[in-house]
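Trainee: I would like to learn how to read a model of this kind. Please take me through it feature by feature.

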Amino acid sequence: QCEMIEVLSGKTVPGKVSKFSYNKKEAANQLCGQYEKLLTFLKGHGALLNPVKPEFLLDLEDFKRVKGITEPLEEDTPRTLWHDMCDGFAVVSEQAWTSVMLQVFKIFVLYRFTTRQLRTIPGYDESNMPIDRSMSGSNLYSISECVLLKWMTGHYLKAMPSTAARVTNFGTPLRDSMVFYSLLVSHWPVESQSAVALMTDIFAR
């Protein structure tokens, strides 16, 4: 993971362990420390990862070693929150890694998208775009995220001018897949006739 982040960011990720201990518990703690420094590095570049703890990025066995969890429980040993977390650790770990990877994409890839670059993308036509003052100076989305929303809106309006609306967020407007289909139509000409047939069928109902 560190190598991929270094390629995307062009920066050296601090805290990489060069040699892990042969002792499994010590090695698990070393890896947890490495992940802690990784999260600090990402948050220092603007990643929103406060809910993600370094131990959530470990595998289950290393998580147990770091937290000192022994199973099965010995008699009279109270069950803790960490024991309960072990039962659903696969979901916790998956969510943690998904959050990390999405934030890596946001801060090291998406930030490269600018309004100037948007105007140079082949197939993008700004002439039919509505004036969108709400997206300028947004305190919710970054400039790059606003550019991405504008790019999706442009192709949506181009592919389905009769039904399309401005894409203002990454939630509700994307749930029916029509925006994604419009992007496909714009970049895969063979689908253009399918789009015409689709819209004809919708208005014929």
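Trainee: How many of the 17 residues of H7 are buried?

Mentor: Buried means under 20% relative accessible area, exposed over 50%, and partly exposed in between (1.4 Å probe, protein chains only). In H7, 14 of the 17 residues are buried, so the helix is largely enclosed by the rest of the structure. Helices (H or I, at least four residues) and strands (E, at least two) are DSSP runs, numbered from the N terminus. This is a predicted model, in which local features need pLDDT of at least 70 and side-chain atom pairs count only at pLDDT 80 or more, while totals for chains, interfaces and linings use all residues. Residues are numbered from 1 along each chain as its sequence is written, and side-chain values use heavy atoms, with hydrogens and water left out.

Trainee: Which element has the lowest mean pLDDT, and which the highest?

Mentor: pLDDT is the predictor's confidence in each residue, from 0 to 100. Where pLDDT is low, the predicted coordinates should not be read in detail. The chain averages 81, and 80% of its residues score at least 70. Among its elements, helix H9 (residues 192-204) has the lowest mean, 54, and helix H2 (residues 24-44) has the highest, 94.

Trainee: What span should H7 have, and how far apart are its end C-alpha atoms?

Mentor: The expected span of a helix is 1.5 Å times one less than its number of residues. For the 17 residues of H7 that gives 24 Å; the end C-alpha atoms are 25 Å apart, which agrees.

Trainee: How many salt bridges does a search of the whole structure find?

Mentor: A salt bridge is a side-chain nitrogen of Lys or Arg within 4 Å of a carboxyl oxygen of Asp or Glu. The search finds five. One of them joins Lys-67 and Glu-55, at 3.2 Å from N to O. Lys-67 lies in helix H3 (residues 60-67) and Glu-55 in the loop between H2 and H3, so this pair ties together parts that are 12 residues apart in sequence. Lys-67 is partly exposed at 27% relative accessible area, whereas Glu-55 is buried at 11%.

Trainee: Where do Lys-64 and Glu-61 lie with respect to the helical turn?

Mentor: An α-helix has 3.6 residues a turn, so residues three or four places apart point the same way. Lys-64 and Glu-61 are three residues apart in helix H3, about one helical turn. They form a salt bridge whose closest N and O atoms are 3.9 Å apart. Lys-64 counts as buried at 14%, and Glu-61 as partly exposed at 43%.

Trainee: Which residue forms a salt bridge with Glu-145?

Mentor: The partner is Lys-106, with the closest N and O atoms 3.8 Å apart. This pair links distant parts of the chain, 39 residues apart: Glu-145 is in helix H7 (residues 143-159) and Lys-106 in helix H5 (residues 89-108).

Trainee: Which residues have the most contacts inside the largest nonpolar core?

Mentor: In soluble globular proteins, nonpolar side chains tend to be buried together. A nonpolar core is a set of buried Ala, Val, Leu, Ile, Met, Phe, Trp, Tyr and Cys residues joined through side-chain atoms within 4.5 Å. The largest here has 27 residues, and Ile-5, Leu-42, Leu-57 and Val-100 have the most contacts inside it. Helix H1 (2-9), H2, helix H4 (81-87) and H5 each supply at least two of its residues. A second, separate core of 22 residues includes Leu-118, Tyr-156, Leu-157 and Leu-183.
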